Amino acid sequence: MTMEAGRDIMHFRNTCSHCCNDVEIPILSDFAYGEILFQSADARSFAIVDLINNSVFDEVLQALEKRAISESVRAEIAQPMLCDLSDEINGQPYSTIYPRCPLCGQKMSFWSDEHRVGMRHLPAPQWSGFTENSPERRMVILDSLIAKHTS
Ligand SMILES: [Zn+2]
């Protein structure tokens, strides 16, 4: 099985308004259509997510369609569901709360793409913990996530 290995993403220097440290965070350009960033719960790791060539995201969208979830709710919960299904990175689950300061973990109130620091490689999330399940079991997992995100 070939897994998408991630890609180089431009990082930018920003000052955290909580801990006042200068930190480097990846920011996607406006032209990065069909891609989003995930950040680990401890805020130290980032990953680049391809939403277009992504069989797990397709499965999430199909499950939402099958359960007749409205289009606006679908748009709201599909990415958080994909995030929940991701394998942990460095022992941490991913979160869609972005960006958070990699040093203190607080949600950054202000950030900009003024100060480029360079391209850094980001991995792609993996979904082996989900995909190794049977189709029936995957549907059960997806249903429980739909319930979690719509309650
Ligand atoms: Zn901070």
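Student: Which residues does A47 touch, not counting residues up to four places away in sequence?

Tutor: In this predicted model, A47 touches G6, F38, I89, Y94, L122, P123, A124 and P125. A contact here requires C-beta atoms within 7 Å.

Student: What makes A47 stand out in the largest nonpolar core?

Tutor: The number of its partners inside that core. The core has 20 residues, and A47, V60 and L82 touch the most other members. Two or more residues come from each of β4 (46–50), α1 (55–66), α2 (71–85) and α4 (135–150).

Student: Which residues are in the second core, and what makes that core separate?

Tutor: The second core has five residues, including C16, V23, I25 and A43. A core is joined through C-beta atoms within 7 Å, so a separate core is one without such a link to the other. In general, nonpolar side chains tend to be buried together in soluble globular proteins.

Student: How do you know that A43 is buried?

Tutor: Count its neighbours. A43 has 23 other C-beta atoms within 10 Å. The cut-off for buried is 20 or more, so A43 qualifies.

Student: What is the sign of phi at A43?

Tutor: Positive, at about 75 degrees, although A43 is not a glycine. Most residues other than glycine have a negative phi. A43 lies in the loop between β3 and β4.

Student: A68 also has a positive phi. Is A68 buried or exposed?

Tutor: Exposed. A68 has 6 other C-beta atoms within 10 Å, and the limit for exposed is 12 or fewer, so A68 falls in that class. Its phi is about 55 degrees, and A68 is not a glycine either. The residue sits in the loop between α1 and α2.

Student: Why is α1 called oblique to α2?

Tutor: The axes cross at roughly 135 degrees. Over 145 would count as roughly antiparallel, and 65 to 115 as roughly perpendicular; 135 fits neither, so the pair is oblique. The axes come within 10 Å, and the crossing is right-handed.

Student: Which residues make the contact between α1 and α2?

Tutor: From α1, V56, F57, V60, L61 and L64. From α2, R74, A78, M81, L82 and L85. V60 and L82 are also among the residues that touch the most other members of the largest core.

Student: What makes β4 and β5 edge strands?

Tutor: Each pairs on one side only. Their open sheet has three strands in the order β4-β3-β5, with antiparallel pairing. β5 covers residues 94–95.

Student: How do you know that β3 and β4 pair?

Tutor: Five bridges join β3 (residues 35–40) to β4. At least two are needed, so the strands count as paired. They run antiparallel, and E35 stands opposite D50 in β4.

Student: In what order do the strands β1, β2 and β6 lie?

Tutor: The order is β2-β1-β6, in an open antiparallel sheet. The edges are β2 (22–26) and β6 (116–122). Neighbouring strands are turned by 35 degrees against each other on average, direction ignored. β1 (residues 7–15) pairs with β2 over five bridges, and H11 stands opposite P26 in β2.

Student: Is the peptide bond from Y98 to P99 cis or trans?

Tutor: Cis, with omega near -10 degrees. P99 is placed in the loop between β5 and β6. Most peptide bonds are trans.

Notes. Residues numbered from 1 in each chain as written. Predicted model: local features only at pLDDT ≥ 70, side-chain atom pairs only at ≥ 80, totals over all residues. Helix = DSSP H or I, 4+ residues; strand = E, 2+ residues; numbered from the N terminus. Contact = placed C-beta atoms within 7 Å. Axes fitted to C-alpha atoms, helices over the stretch in contact; angles between N-to-C directions. Left-handed = near helix turned anticlockwise from the far one by under 90°.
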